[in-house]
Each structure stands twice: as C-alpha cells, then as structure tokens.
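Colleague: I should like to look closely at one part of this model and at what lies beside that part in the chain. Please take me through it step by step.

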Amino acid sequence: MTIQFSTKTLAETDFKSPKALGAVAALQTDCLVIAYRGAVGGGVGENLMKLDRLTGGAIARATELGDLENKLGATLILRSEPVWLANGLRARRLLLVALGEDGDLTAFAKAARACAKALSGSGIKNATLVLQSFFPSSKTGLTASMLHERVRLISQLVGEQVYRFGARQPEMKTKPKEKADNLAELTFLVNTKQATLVKVAVREGDALVNGMNLAKDLGNLPPNVCNPSYLANSAKQLSKSTKLKVQVLEEKQIESLGMGAFLAVTKGSETPPKFIVIRHDGGKANDEPIVLVGKGITFDTGGISLKPGEAMDEMKYDMCGAASVMGTMYSVALLNLKRNVIGVIPTCENMPSGKASRPGDIVKSMSGQTIEILNTDAEGRLILCDALTYVERFKPKAVIDIATLTGACVIALGSVHSGLFSNNESLSNALITAGQASLDTVWRLPLDAAYQEQLKSNFADMANIGGRPAGSVTAACFLARFTEKYNWAHLDIAGTAWKGGAAKGSTGRPVPLLLNYLLALH
Ligand code: BES
Ligand code: MN
Ligand code: ZN
C-alpha cells in the first residue's frame with residue numbers, strides 16, 4: 001500500500017495551445033489536477049477559461065457562486081457531467097487548486113498540501129497533475145533547482161497525506177473504520193522541456209515517500225511488536241530487497257566491545273538488545289562515509305527513575321531516531337545514491353526490574369570515560385555515546401545522530417523545528433539548508449563549554465544529567481564528549497518525530513531533511 005508516482009510527457013501542456021488543451025482533456029483519469037492563479041471577480045482566469053468551455057461553464061458557475069476562491073490553498077472538486085465527455089474532456093473529476101499570489105516555498109507548500117488533502121481519503125484512486133499549471137509565470141523567475149525542489153515536495157506532501165497506518169497494518173484493528181482505499185497513483189503530466197528534470201525529482205520524491213513510510217510504520221507499531229529484534233529483522237529484510245548490507249551485533253558482541261553505557265540501559269529488560277549496522281556502499285571504496293546514528297529505545301519507561309503514567313504509551317516513539325535512519329537508508333538504496341552512507345542503530349528497551357541499573361550506578365563507556373547514572377530516564381545519551389564511539393572506525397566525513405532525546409527540546413522548540421547541535425559550521429549550515437528545502441526544519445542551539453559544568457560528578461568522569469536548566473543543551477554536551485574526533489551534528493527530534501492528540505502518529509521526520517542533505521552533497 002504505497003502510492004505510485006510516475007510522469008507522463010506531452011509535447012506541450014500550456015492551455016494557450018489548443019492542441020495541448022485537447023491532449024490534456026483526452027487523458028483518462030479519476031482526477032485531473034489543475035492549479036490556478038487569478039480567478040478574479042465574476043470571471044475566471046485565462047488559464048481556466050479554456051478549460052471552462054470544455055466543462056460547459058461549470059468553472060464559471062462555481063466562480064459566480066463563490067465556490068472557487070482566489071485564496072492560497074483553496075480547492076474545489078468538480079465532477080464530470082455528460083457535456084464534459086461530449087467536449088472531449090475525459091477526466092472523471094477536476095481538482096482546482098488556488099496558488100494565491102506569487103509566493104515562497106512555504107506558500108507553495110500550502111497549495112500543495114491542500115491539493116494533497118483534497119486527493120486523499122476520497123474515492124480518487126489515480127490522479128494526473130498538470131505540472132505546468134503549478135508554475136505560472138512568476139515575477140522572480142523559476143530556476144531549474146526550484147522546479148526540482150518543488151516537484152519533490154509535491155510528492156513528499158502527497159505521500160505524507162495518503163499514508164494510513166490501518167491500511168498498511170490491517171491486522172491491528174479487527175473492524176477497521178478507516179477507509180483502506182486511498183489515492184494509489186499520481187501522474188505528473190509534463191512537457192518535453194521539463195521531462196528530464198521532473199523525472200529525476202519524481203524518482204527522488206518516490207524514494208523519499210517510501211523511506212518516510214517505513215519510518216512511520218516502525219514508529220507507529222506497538223512496542224510489543226516493534227522491539228529490538230523487530231528492528232533488526234526489518235533491517236535484514238531491507239538487505240534482501242535492496243543492495244544494503246546489514247550486520248546485527250548481539251548482546252555478547254556488545255559486551256566484547258565494552259559498551260558499558262549501552263548495556264546499563266538494556267540490563268532491566270527481558271528483551272535482548274541489538275546493535276544494527278546498515279551499509280550503503282554507493283561511492284568509491286575509499287570515500288569517507290556519512291554516518292547516521294539513530295536512538296532505538298523501543299520503549300522508555302524511564303527505568304528505575306520511572307516516568308509518570310500519563311501518555312506513557314507515547315514512549316513507544318522513543319525509537320523514531322532509529323526509524324528515521326532505517327527510512328533514510330531505504331531511500332538512499334532506492335536511489336542508488338553514489339555515496340557511502342552507514343546507518344547505525346543501538347536498540348533496546350528501558351525497563352525497571354530487579355536487574356535494572358540504579359540511580360547512582362557508575363558505568364564505563366566504550367570510550368573509557370566513566371559515567372555516574374543519576375537518572376535512569378536519561379538513557380538515550382547512554383546508548384548513543386557508545387554508538388558514537390563505535391563509529392570512529394569508519395573514519396567518517398560526518399556523523400549525524402538523531403534522537404528523541406529530551407522533553408526539554410519539546411518545551412524549547414515545540415513541534416516546528418528539530419533541535420540542531422553541531423561542532424562544525426559547514427555541516428550545521430548544510431543541515432539548516434536541507435531542512436528549509438524539505439520543510440523539515442531545524443533550529444541550532446548552543447554547545448558552549450560553559451554548559452559542560454552542569455555534567456560534573458563527584459564520583460565519575462561525568463554525570464548523565466545536568467539538571468533542569470538547558471536540558472537539551474546539556475544532553476547534547478554529554479554527547480559532544482564522545483564526538484571530538486569527527487564532524488558531528490545531533491538532531492533532537494523529541495518534538496517533531498510524532499504528533500500526539502487525536503492525530504496521534506509518527507511524522508516520518510527527519511527523513512526529508514536527511515535525504516535532502518545527502519542529495520545536496522557534492
Ligand atoms: N525519551 C525521553 C525524551 C522525551 C520525553 C521525548 C518526552 C519526547 C517526549 C528521554 O529518554 C528522557 O526521558 N529524557 C529525560 C531526561 C532527563 C531525565 C534529564 C527528560 O527529557 O525528561
Ligand atoms: Mn528516558
Ligand atoms: Zn528516551
């Protein structure tokens with residue numbers, strides 16, 4: 001149940017040419033998608049006027065009735081009438097999408113999102129989108145890279161909207177209320193001039209949606225299903241359907257590596273931990289890899305420092321960093337990216353039990369540094385620090401860790417931006433730019449040495465918590481002590497990886513950001 005994207009090329013798609021109008025009208029589709037600007041006053045815009053004739057004036061009537069607004073993000077669906085067919089218009093529906101005034105990427109996204117909403121959850125199974133109508137002559141001019149970015153974004157937003165957990169995991173509800181059927185196919189109709197570029201962008205959008213869907217599935221699955229073994233098996237599954245190489249280290253090997261911090265977290269759980277390494281060898285053998293490290297706590301009770309009961313179920317999402325690494329690796333493999341990328345996932349549960357770590361325990365990390373565990377609920381940094389030491393062996397060009405690390409980040413940034421911390425300016429800037437292009441944004445927070453003071457311990461090299469002030473910063477400062485040997489960025493996705501409330505569910509973030517970052521590298 002994944003939406004299929006494709007392109008269809010016509011010599012011309014501008015309705016100014018009667019031939020182009022005729023060819024577009026002749027397309028058989030559940031829904032022809034046309035964006036417009038300037039349906040003003042009592043009349044309709046020039047672009048729509050031509051189409052209006054084929055509908056026997058349906059668009060003009062809708063405009064007169066005030067149903068067709070000239071307001072960014074407004075949409076209207078018209079259903080076929082006999083006169084349409086008589087005039088050679090074979091689409092079963094027309095979806096009109098208002099672009100509003102010439103705007104930036106955010107404005108464009110608003111229109112694209114509205115379009116996606118209108119297309120999903122209705123009876124529409126396949127749709128054909130007249131791409132040129134989404135790019136009417138703009139004052140600022142449309143560069144090739146803007147077109148590329150926006151086509152990818154349309155796919156991303158449509159894919160996002162069409163995702164239904166219930167349809168992908170039908171066994172979870174015995175009487176599914178959700179409509180399982182949804183938009184299954186979106187065709188981008190392009191002219192010969194745009195075709196090459198658009199095909200590349202659509203292929204990227206398709207890979208992105210597949211990666212996001214995987215990340216969402218893993219996030220949404222219940223913690224009694226999606227445990228460390230499940231994550232490891234999903235990774236192995238990926239290595240069967242793609243060229244990804246997967247290695248899973250078991251508890252014994254984790255012990256031999258000396259990952260005392262990671263082991264301290266898994267100790268209280270009956271479910272064995274896994275350390276997953278996923279390799280995409282797309283570049284030259286000696287090209288330095290980009291390494292992605294994802295926090296894979298499949299359930300975070302807090303351990304002996306037990307969390308309060310309210311909304312504790314949401315701690316199944318504490319493996320969303322891991323899920324985003326899996327999703328991104330899948331996208332990278334689908335695109336056969338010409339670059340070496342390695343995904344690393346330390347995964348376990350954080351449970352209270354007679355075998356669990358206690359507040360006050362001191363453990364030795366793989367790096368040799370000792371840690372006083374003052375709060376067993378600050379477990380993410382404990383599993384990550386050992387993974388961050390492990391990845392030194394790859395001589396990475398850059399390491400990015402992704403983690404639902406702190407509640408404090410939710411307080412600081414809400415669900416708009418993910419928190420970004422980095423010891424490298426150009427890596428940091430590249431991530432900021434990639435986030436903006438994919439509407440999966442980050443906001444940089446500090447890592448000053450002054451904050452390190454808060455991690456002082458009387459009994460070990462460091463404590464695992466730094467008190468309430470600047471909780472996200474001290475968590476990042478903790479990780480920074482393990483990443484001095486390479487370029488590193490940390491993404492705190494506690495506020496962005498899932499939504500709570502009625503629309504509870506995984507968002508698939510930051511797969512768009514990560515894939516965009518990798519695609520933009522040169
Ligand atoms: N997984 C949580 C962070 C979290 C909390 C993410 C709420 C999303 C929503 C993490 O393991 C944790 O418990 N962090 C503690 C750290 C504290 C003990 C220093 C927190 O944020 O309260
Ligand atoms: Mn925790
Ligand atoms: Zn956690």
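How many of the residues of helix 13 are buried?

Modeller: This is a predicted model, in which local features need pLDDT of at least 70, side-chain atom pairs need 80 or more, and totals for chains, interfaces and linings use all residues. Residues are numbered from 1 along each chain, chains are lettered from A and ligands numbered from 1 as written, and side-chain values use heavy atoms, without hydrogens or water.

Of the 11 residues of helix 13, 11 are buried, so the helix is largely enclosed by the rest of the structure. Buried means under 20% relative accessible area, exposed over 50%, and partly exposed in between, with a 1.4 Å probe and protein chains only. Helices (H or I, at least four residues) and strands (E, at least two) are DSSP runs numbered from the N terminus. The buried residues of helix 13 include Gly 380, Arg 381 and Leu 382 at one end, and Leu 388, Thr 389 and Tyr 390 are also among them.

The loop between strand 13 (370–372) and helix 13 (380–390) holds Glu 379, and Asp 377 lies in that loop too. Glu 379 counts as buried because its relative accessibility is 1%, whereas Asp 377 is partly exposed at 21%.

Glu 379 takes part in two metal sites. Through OE, Glu 379 coordinates the zinc ion (ligand 3), together with Lys 295 (NZ), Asp 300 (OD) and Asp 318 (OD), at 2.0 to 2.4 Å. Donors are N, O and S atoms within 2.8 Å of the metal (3.2 Å for Na, K and Ca), and sites may look incomplete without water. The six donor atoms around the zinc ion subtend angles of 78 to 176 degrees, so the arrangement is octahedral. Six donors earn that name if opposite ones are over 155 degrees apart and all others between 65 and 115; otherwise they are irregular. Along the sequence, the zinc donor residues follow the spacing K-x4-D-x17-D-x60-E. This site links distant parts of the chain, for Lys 295 sits in the loop between strand 9 (290–294) and strand 10 (296–300), 84 residues from Glu 379. Lys 295 is buried, because its relative accessibility is 1%.

The manganese ion (ligand 2) is coordinated by Glu 379 (OE), Asp 300 (OD) and Asp 377, the last through both O and OD, at 2.0 to 2.2 Å. Its six donor atoms subtend angles of 69 to 167 degrees, which makes the arrangement irregular. The spacing of these donor residues in sequence is D-x76-D-x1-E. Here too distant parts of the chain are joined, since Asp 300 is in strand 10 and Asp 377 is 77 residues away. Asp 300 counts as buried because its relative accessible area is 3%. Asp 300 also bridges the two metal ions, which lie 3.2 Å apart.

The residues of this loop also meet ligand 1. Of the 16 residues around ligand 1 (those with a heavy atom within 4 Å), the nearest are Lys 307, Asp 318, Asp 377, Glu 379 and Gly 407. A polar side-chain atom of Glu 379 lies 2.8 Å from an oxygen atom of ligand 1, and a polar side-chain atom of Asp 377 is likewise 2.8 Å from an oxygen atom of ligand 1. For Lys 295 the corresponding distance to an oxygen atom of ligand 1 is 3.2 Å. Such polar contacts are pairs of N or O atoms within 3.5 Å.

Note on methods. Four donors count as tetrahedral if all angles lie between 85 and 135 degrees; four count as square planar and six as octahedral if opposite donors are over 155 degrees apart and all others between 65 and 115; anything else is irregular. A polar contact is a pair of N or O atoms within 3.5 Å; within protein, one must be able to donate a hydrogen and the other to accept it, and residues adjacent in sequence count only if both atoms are side-chain atoms.
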